[in-house]
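Let's walk through this model together, one question at a time. Have the coordinates open and follow along.

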Amino acid sequence: MSRSITLRSSGTKDMTQGGIYSQMTAFALPILLSQIFQQLYNTADSLIVGQYLGTDALAAVSSSGTLIFLLVSFFNGTAMGAGVVISRYFGAKNGENVSKAIHTNIAFGLCSGLILTVIGVIFTPTFLVWMKTDPDVLPEAIEYFRYYFLGAVALVMYNICRGIMNAVGDSRRPLYYLIFSSVLNIVLDILFVGVFRWGVWSAAVATVISQMASVVLCMVYLCKKGKIFSVELRKLRFHKDMFLEIIRYGLPSGVQNSVIAFANVIVQTQINSFGKYATAAYGTHAKIEGFAFLPMMSFNMATSTFISQNLGAGQHDRAKKGARFGVLAAVIMAELVGVVIYFTAPYLIGMFDSNPTVIELGVRQARTACLFYFLLAFSHAIAAVCRGAGKAFVPMFVMLSVWCGLRILYIQLVMTFVGDIGLIYWAYPITWAISSIIYFIYYHCSDWIHGFDKKEPKQAPQ
């Protein structure tokens with residue numbers, strides 16, 4: 001018998017009632033702070049390694065960044081799809097399916113983490129050689145990478161737990177746990193690397209320990225009795241129908257994340273052919289751009305959760321209003337950030353590297369892209385709307401064809417016939433514009449609002 005749920009449990013937020021704009025903003029702000037701490041977490045890690053162990057050690061840590069993102073992004077994207085399923089049933093007040101989705105999602109996370117551990121540990125040398133890692137730093141890179149992936153279960157499970165809490169409207173606790181984890185990681189980095197001088201591998205160990213600590217905190221909270229989302233270890237299993245539903249909504253997001261990461265690897269490879277200054281400028285711009293995207297991505301996550309809950313509750317008009325607000329907020333914030341970066345680019349790039357050539361190239365790339373951030377934001381915002389409405393295959397196909405296929409084709413043509421690095425920078429605004437046109441047509445001409453209505457899952461016997 002399907003059991004209903006009470007929405008008064010501590011930490012959860014029923015987004016099917018109350019002010020739309022205030023709810024979405026209040027939900028997005030903790031996510032924004034979480035992402036800022038995550039960025040600072042990664043930056044501090046590199047700074048400590050570089051300060052105490054030198055350039056080669058820093059290069060070893062940096063060499064694995066793109067590859068880690070490529071491997072982890074698939075599983076994190078799939079977890080996003082699971083969050084949509086949980087949000088939908090939470091909005092529909094279907095406690096039985098909320099429980100099944102959560103327990104299936106955790107079981108999936110544990111298995112995914114183990115698979116990622118095996119792949120990362122065994123194939124580390126092969127991956128790093130394929131990426132043309134400098135032979136001088138290859139041994140330390142392999143060392144760091146293998147220790148990092150020994151903790152892949154914790155890496156995946158934190159994102160799973162965060163997704164569960166976000167899905168039921170709780171974006172604050174993941175922030176608190178991430179702050180604790182970030183501080184712990186910095187302390188352990190200083191202790192292992194700065195005091196004990198254990199080597200670059202110890203930085204990976206510090207990261208793994210801090211991630212495990214955050215997972216323990218998440219699971220302690222999720223296992224509390226009497227909550228809407230209470231987790232019981234004996235119930236962890238793959239519920240077939242629920243697992244298929246999670247895969248249906250999550251797999252496209254995982255594939256989308258992976259193809260974007262793959263396309264960025266191709267771009268990075270072409271940039272590297274222009275020499276170390278171009279590589280340094282590209283990497284520096286990527287760090288700045290990473291912070292610039294945070295407000296936009298925070299609202300996108302809020303939009304997906306809001307739409308899923310309201311469509312689950314059958315409130316289509318409310319979901320439409322939330323979608324419009326989420327898209328508008330993301331576009332405005334992204335463009336404001338872009339304008340600021342346009343005028344401050346020389347100073348921002350110079351904070352990372354004072355070399356005039358690096359600054360020149362970094363500013364050139366920043367000013368090519370930043371005034372078009374509204375296109376990037378619009379594409380990501382409509383993709384978030386699609387995911388929240390159960391239309392995850394739409395952004396997957398758009399990103400696969402435009403942000404991956406078309407972007408790679410454009411760069412290959414530019415490098416073959418022109419060979420100007422400035423034209424490579426234009427690959428991003430051009431593909432953002434094309435995807436935005438496609439999304440605009442889809443959003444206004446399709447029946448995305450009834451994405452869940454056309455294929456209802458089987459209900460448990462009454």
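A residue counts as buried when its relative accessible area is under 20%, and as exposed when that area is over 50%. Keep in mind that this is a predicted model.

Q: Does Ile382 count as buried or exposed?
A: Ile382 sits in helix H14. The cut-off for buried is under 20% relative accessible area. Ile382 has 1% relative accessibility, so this residue counts as buried.

Q: Which residues does Ile382 touch, not counting residues up to four places away in sequence?
A: One partner lies well along the chain: Tyr443 is 61 residues from Ile382 in sequence, with 7.2 Å between their C-alpha atoms. Leaving out residues up to four places away in sequence, the contacts of Ile382 are Val327, Tyr439 and Tyr443.

Q: Which helix gives the largest share of the largest nonpolar core?
A: That core holds 58 residues, and Ile271, Tyr373 and Trp432 touch the most other members. Its largest share, ten residues, comes from residues 373–388, which form helix H14.

Q: How many residues are in the second, separate core?
A: Nonpolar side chains tend to be buried together in soluble globular proteins. Here a second core stands separate, with Ala82, Val156, Met165 and Val215 among its members. The size of this second core is 50 residues.

Q: Which helix gives the largest share of the nonpolar surface patch?
A: The patch covers about 580 Å² and is made by Tyr52, Ile186, Ile190, Leu191, Val195, Phe196 and Trp198. Four of these residues, the largest share, come from helix H7.

Q: Why does Val195 count as exposed?
A: Val195 lies in helix H7 and belongs to the nonpolar patch. The cut-off for exposed is over 50% relative accessible area. Val195 is exposed because its relative accessible area is 53%.

Q: How many disulfides does a search of the whole structure find?
A: Two cysteines are worth a look first. Cys111 is partly exposed, at 36% relative accessibility, while Cys445 is exposed, at 64%. Across the whole structure, the number of disulfides found is zero.

Q: What share of contacts between residues at least 6 apart in sequence join residues at least 24 apart?
A: The chain has 17 helices and zero strands, and 54% of its 462 residues count as buried. Among contacts between residues at least 6 apart in sequence, the share joining residues at least 24 apart is 83%.

Notes:
Residues are numbered from 1 along each chain as its sequence is written. This is a predicted model: local features need pLDDT of at least 70, side-chain atom pairs count only at pLDDT 80 or more; totals for chains, interfaces and linings use all residues. Side-chain values use heavy atoms; hydrogens and water are left out. A nonpolar core is a set of buried Ala, Val, Leu, Ile, Met, Phe, Trp, Tyr and Cys residues joined through side-chain atoms within 4.5 Å. Buried means under 20% relative accessible area, exposed over 50%, partly exposed in between (1.4 Å probe, protein chains only). Helices (H or I, at least four residues) and strands (E, at least two) are DSSP runs, numbered from the N terminus. Patches are made of residues with over 30% relative accessible area and no salt bridge: like charges are joined within 9 Å, nonpolar side chains (Val, Leu, Ile, Met, Phe, Trp, Tyr) within 5 Å. Accessible areas come from the Shrake-Rupley method with a 1.4 Å probe; for residues, only the protein chains shown count as cover. A salt bridge is a side-chain nitrogen of Lys or Arg within 4 Å of a carboxyl oxygen of Asp or Glu. Contact means heavy atoms within 4.5 Å. A disulfide is a pair of cysteine sulfur atoms within 2.5 Å.
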